[in-house]
Amino acid sequence: MTGEFTGAPRDVAIVACAQSDHRRRTDELSEVEMLMPVLHEVLERTGLTTADIGFTCSGSSDYLAGRAFSFTLALDGVGAWPPISESHVEMDGAWALYEAWIKLLTGEADTALVYAYGKSSPGSVRDVLTRQLDPYYAAPLWPDSVALAALQAQALLDAGHADEPALAAVAARSRDAAADNAHAQLRGARPQGEYVVRPLRTGDCPPVGDGAVAVVLSAGDRARALCARPAWIRGMDHRVEAHSLGVRDLTDSPSTRLAAERAGAFVRPVDTAELHAPFTSQEVVLRRALRLDDGVLVNPSGGALAANPVMAAGLIRVAEAAGRVHRGASDRALAHATSGPCLQQNLVAVLEGESRV
Amino acid sequence: MSDVLSAPMVVEFPFTRSLGPVQSAFLTGLRARTVLGVRTTAGTVLVPPVEYDPETAAELRDLVEVAATGTVTTWAWNPAPRRGQPLDTPFAWVLVRLDGADTALLHALDAPGPDAVRTGLRVRVRWAAERTGAITDIACFEAYEGEPYGGEPTYRQAVPHSGEFTGDAVTGVVAPARLDYTYTPGRAQTAYLAALAERRAVGERCPRCRKVYVPPRGACPTCGVATTEQVEVGPRGTVTTFCVVNIKAKNLDIEVPYVYAHIALDGADLALHGRIGGIPYDQVRMGLRVEPVWTEDGRHPDHYRPTGEPDADYDTYKELL
Ligand SMILES: [Zn+2]
């Protein structure tokens with residue numbers, strides 16, 4: 001039904017998801033070798049071939065690979081001949097999902113493949129992430145990602161929104177939950193450890209690792225044909241805050257709250273939330289921003305504290321939420337992805353399963 | 001695979017960036033030990049200053065001077081400084097709201113230990129001995145007990161400033177970026193490079209379309225499937241297309257002009273590239289038959305030279321152009 005946009009929104013759903021096992025290092029694999037099994041798995045789940053995909057969109061970062069246009073080599077795994085309609089975001093794959101969703105909403109495509117991957121192991125991800133900071137006032141100081149998160153965590157402690165035991169509890173709950181997640185890198189109880197940058201300890205920080213994720217989107221009845229219980233995207237929105245940390249209230253995330261509002265998250269309660277919070281303190285900020293009460297199951301996958309392949313971890317949150325809808329474990333789930341220092345940019349998607357008759 | 005190749009890789013680049021008028025005034029001011037901010041239309045003073053209001057996007061030009069003393073609004077103790085960070089002994093990262101400012105500046109605080117740091121601590125700028133017009137002109141902050149701590153600041157208010165200083169204004173910054181990696185080429189390329197070290201060329205065949213890729217990257221870009229069947233190719237091949245290079249590359253000891261060519265090794269379905277030697281540059285042609293030439297201890301062919309065979313028929317390589 002490819003054609004011009006009539007203004008009538010279509011229903012779009014996530015119909016399949018796949019991800020790699022996330023590991024500390026994958027020296028024996030190039031990016032495309034790591035990604036390809038995930039692409040094959042997600043297509044096999046739907047019975048689709050590359051030729052059936054109307055639009056392909058990916059998220060990754062050259063700074064992780066240390067090479068310009070590194071995503072073009074990963075495209076080999078997609079089968080880009082004959083020519084395909086393709087796009088890339090130098091961001092977490094959740095933003096690639098947003099682009100694909102728009103493409104389907106406007107009728108430009110009926111089915112989309114979205115994937116993301118990150119190999120953090122070749123470099124030092126703490127140093128790599130300093131290069132996304134403003135080049136005049138922040139980047140010359142090389143403040144690493146843990147340091148910036150620690151400034152946010154201390155602000156949270158000073159405001160009385162959490163204490164160190166509360167942060168440790170987030171870490172413990174996440175890694176306990178990951179015990180059931182075969183893909184996760186850190187599973188089961190582990191010590192909180194020493195301070196990395198105080199007040200954040202080893203346990204408050206995400207693992208560094210390599211991994212990939214892929215999802216397939218489809219519209220309308222095609223989605224129902226491809227999946228027994230599609231995860232319908234009821235809304236999706238993303239918002240950004242000022243880059244400079246010194247002008248923001250680090251204890252709050254107004255961009256997350258606004259994105260959630262625009263995505264329709266507050267219309268009815270959700271039963272599950274997959275939050276992209278690489279640091280324990282950021283889960284506290286997000287829970288408050290989203291007004292999630294104890295009735296909501298948060299990060300049953302273990303979240304980014306259990307596996308955090310940079311550029312893929314946000315799309316993995318969407319895939320985990322969609323997977324629960326597919327399995328009937330959730331009827332209405334919220335998925336969140338973040339990018340930038342201290343939750344600068346945030347994306348929220350609301351996914352629903354149709355009630356079975 | 002236990003014998004995966006790996007090698008250090010350094011990516012280093014001096015990013016040269018120009019400054020807008022407000023950033024220029026701020027960094028020129030730091031050189032003169034003066035901290036400038038910018039006032040928004042709502043009256044808020046932003047330090048460090050920006051050219052556009054983060055809330056309204058309105059252009060900002062109203063420069064003000066603030067104090068070199070301030071208050072820590074949040075902090076984090078860094079027990080293990082990393083390369084490039086402001087201090088090489090353990091220090092605190094801090095956001096500091098300078099007296100007269102409404103927003104906070106990110107920097108480092110020199111302190112004996114975490115017990116000496118708290119939110120609300122009064123601090124002052126420690127200027128770098130040599131200042132060039134960069135954020136690092138502030139060497140760091142240090143505790144400042146010269147005035148009592150506590151209560152609402154009665155400290156210095158921001159005062160209007162022309163933004164002009166003696167000497168040339170700083171109009172740009174050079175931000176050197178260096179990142180260190182360990183490059184690992186993965187399974188397919190490791191096998192290719194290992195064979196080359198034995199003076200053999202191996203490609204990989206796609207199980208679906210049967211094409212042989214050299215060098216193999218692990219996937220068939222047409223079929224999107226893994227290429228796994230290893231195939232010995234070459235050593236001889238055919239020039240499918242070429243160009244004449246007239247500009248000498250930095251760090252490359254090759255006389256110009258020389259010929260850079262696409263070469264389809266016998267048995268391969270994709271041409272690789274290499275330099276052609278052993279023949280005058282203006283006599284290289286499509287269809288020329290060539291073979292690799294190895295240097296004494298080279299891990300890959302240095303160049304390709306003519307074999308002396310008759311040229312290949314166009315039909316035998318037209319699909320490989
Ligand atoms: Zn093929």
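# A chat about chains A and B

Visitor: Which domains is chain B divided into?
Guide: Chain B is divided into domain 1 (11-176) and domain 2 (184-320), with bounds that come from an automatic or database domain assignment. The C-alpha centres of these two domains of chain B lie 55 Å apart.

Visitor: Anything I should know about the model itself?
Guide: This is a predicted model, in which local features need pLDDT of at least 70 and side-chain atom pairs count only at pLDDT 80 or more, whereas totals for chains, interfaces and linings use all residues. Residues are numbered from 1 along each chain as its sequence is written, chains are lettered from A and ligands numbered from 1 in the order in which they are written, and side-chain values use heavy atoms, with hydrogens and water left out.

Visitor: How many residues of chain A are in contact with chain B?
Guide: On the chain A side there are 53, in contact with 63 residues of chain B, where contact means heavy atoms within 4.5 Å. The area buried between the two chains is about 4,600 Å², and carbon and sulfur atoms give 61% of that; buried area is the accessible area (1.4 Å probe) that two parts lose on being put together, summed over both.

Visitor: Which three residues supply the most of what chain A buries?
Guide: Tyr136(A), Tyr137(A) and Leu141(A) supply 19% of the area that chain A buries against chain B, more than any other three residues.

Visitor: And how many salt bridges across that interface?
Guide: The rule finds three between chain A and chain B, a salt bridge being a side-chain nitrogen of Lys or Arg within 4 Å of a carboxyl oxygen of Asp or Glu. In a salt bridge, the side chains of Asp127(A) and Arg82(B) meet at 3.1 Å, N to O.

Visitor: Switching to the backbone, which peptide bonds are cis?
Guide: Among them are the bond from Val47(B) to Pro48(B), with omega near 0°, and the bond from Gly234(B) to Pro235(B), also with omega near 0°. Pro48(B) lies in the loop between strand S3 (45-46) and strand S4 (62-66) of chain B, and Pro235(B) in the loop between strand S16 (229-233) and strand S17 (237-245) of chain B; strands (E, at least two residues) and helices (H or I, at least four) are DSSP runs, numbered from the N terminus.

Visitor: What about phi of Phe69(A)?
Guide: Phi of Phe69(A) is near 55°, a positive value in a residue other than glycine. Phe69(A) lies in the loop between H2 and helix H3 (70-74) of chain A. Most residues other than glycine have a negative phi.
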